[in-house]
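Here are a few notes to read alongside the model. Take your time with each point and look for it in the structure as you go.

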Amino acid sequence: MASTLTVDNIVGATTAGNVKLPAGSILQCKSGTINSRFQTSSTSFVDVTGFNVNITPKYSTSKILVQLSAVSSLSAVSRVSRFRVIRTISGGSAVHVGAGDADGTDGFSGTRTVYDSGADELHQVHWQGEDSPSTTTAISYKIMCCTNGGTMNVNDRNNGDMSQTSTITVWELSQ
């Protein structure tokens with residue numbers, strides 16, 4: 001039995017380069033992972049070394065779905081660890097993805113925050129947000145983190161006995 005592909009929205013001649021996919025279709029997917037342990041005691045956001053992904057959108061109208069899956073722990077009790085996604089277009093200004101108008105000095109909007117009630121607990125952290133970069137130029141998404149006390153660990157517990165992997169994935173979606 002033969003199958004037939006039917007395309008409803010065609011722009012010009014029918015070739016693969018000019019078929020308009022329905023809104024929300026996945027055009028491409030890229031991911032970046034880190035396997036090594038990263039530690040910081042910074043109370044200001046710092047780059048998690050090597051935790052980034054690059055994508056060059058095919059269309060300036062595309063949306064980018066950003067997904068973060070990370071593992072963290074703290075050496076201190078009753079403290080928080082925070083993750084943030086930052087977008088840079090071709091080396092330009094850094095933009096906090098998912099921030100919005102509510103992103104004040106506390107930094108909770110667009111930030112994934114984990115509260116540790118006990119020291120050295122390992123937490124799985126997930127965050128997802130949509131970005132509208134309006135470009136076909138290369139984009140870099142990176143992960144930053146900070147804590148309000150103690151040492152924050154990414155990919156392991158403070159005592160180093162539970163090595164993990166963290167991932168950032170970006171999906172270009174048609175509009």
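1. Let's begin with one cysteine. C146 is buried, with a relative accessible area of 2%. Please keep in mind throughout that this is a predicted model.

2. Now look at C145, which is buried too, with a relative accessible area of 0%. You may wonder: how far is the sulfur of C145 from the closest cysteine sulfur? That closest sulfur belongs to C146, and the distance is 7.1 Å, too far for a bond.

3. Try the search from the other side as well. Starting at C146, the closest cysteine sulfur is the one in C145, again at 7.1 Å and too far for a bond. A disulfide is a covalent bond between the sulfur atoms of two cysteines. Here the cut-off for such a pair is 2.5 Å, and the structure holds zero disulfides.

4. Next, the secondary structure. Which elements make up the protein chain, and how many are there? The chain has 11 strands and zero helices. Read from the N terminus, the order is therefore β-β-β-β-β-β-β-β-β-β-β.

5. Contacts tell you how the chain comes together. Consider contacts between residues at least 6 apart in sequence: 79% of them join residues at least 24 apart.

6. Finally, the inside and the outside. The protein chain has 175 residues, and 41% of them count as buried; C145 and C146 are among the buried residues. On the outside, the chain exposes about 9000 Å², with 48% of that area supplied by carbon and sulfur atoms.

Key: Residues are numbered from 1 along each chain as its sequence is written. This is a predicted model: local features need pLDDT of at least 70, side-chain atom pairs count only at pLDDT 80 or more; totals for chains, interfaces and linings use all residues. Side-chain values use heavy atoms; hydrogens and water are left out. Helices (H or I, at least four residues) and strands (E, at least two) are DSSP runs, numbered from the N terminus. Buried means under 20% relative accessible area, exposed over 50%, partly exposed in between (1.4 Å probe, protein chains only). Contact means heavy atoms within 4.5 Å. Accessible areas come from the Shrake-Rupley method with a 1.4 Å probe; for residues, only the protein chains shown count as cover.
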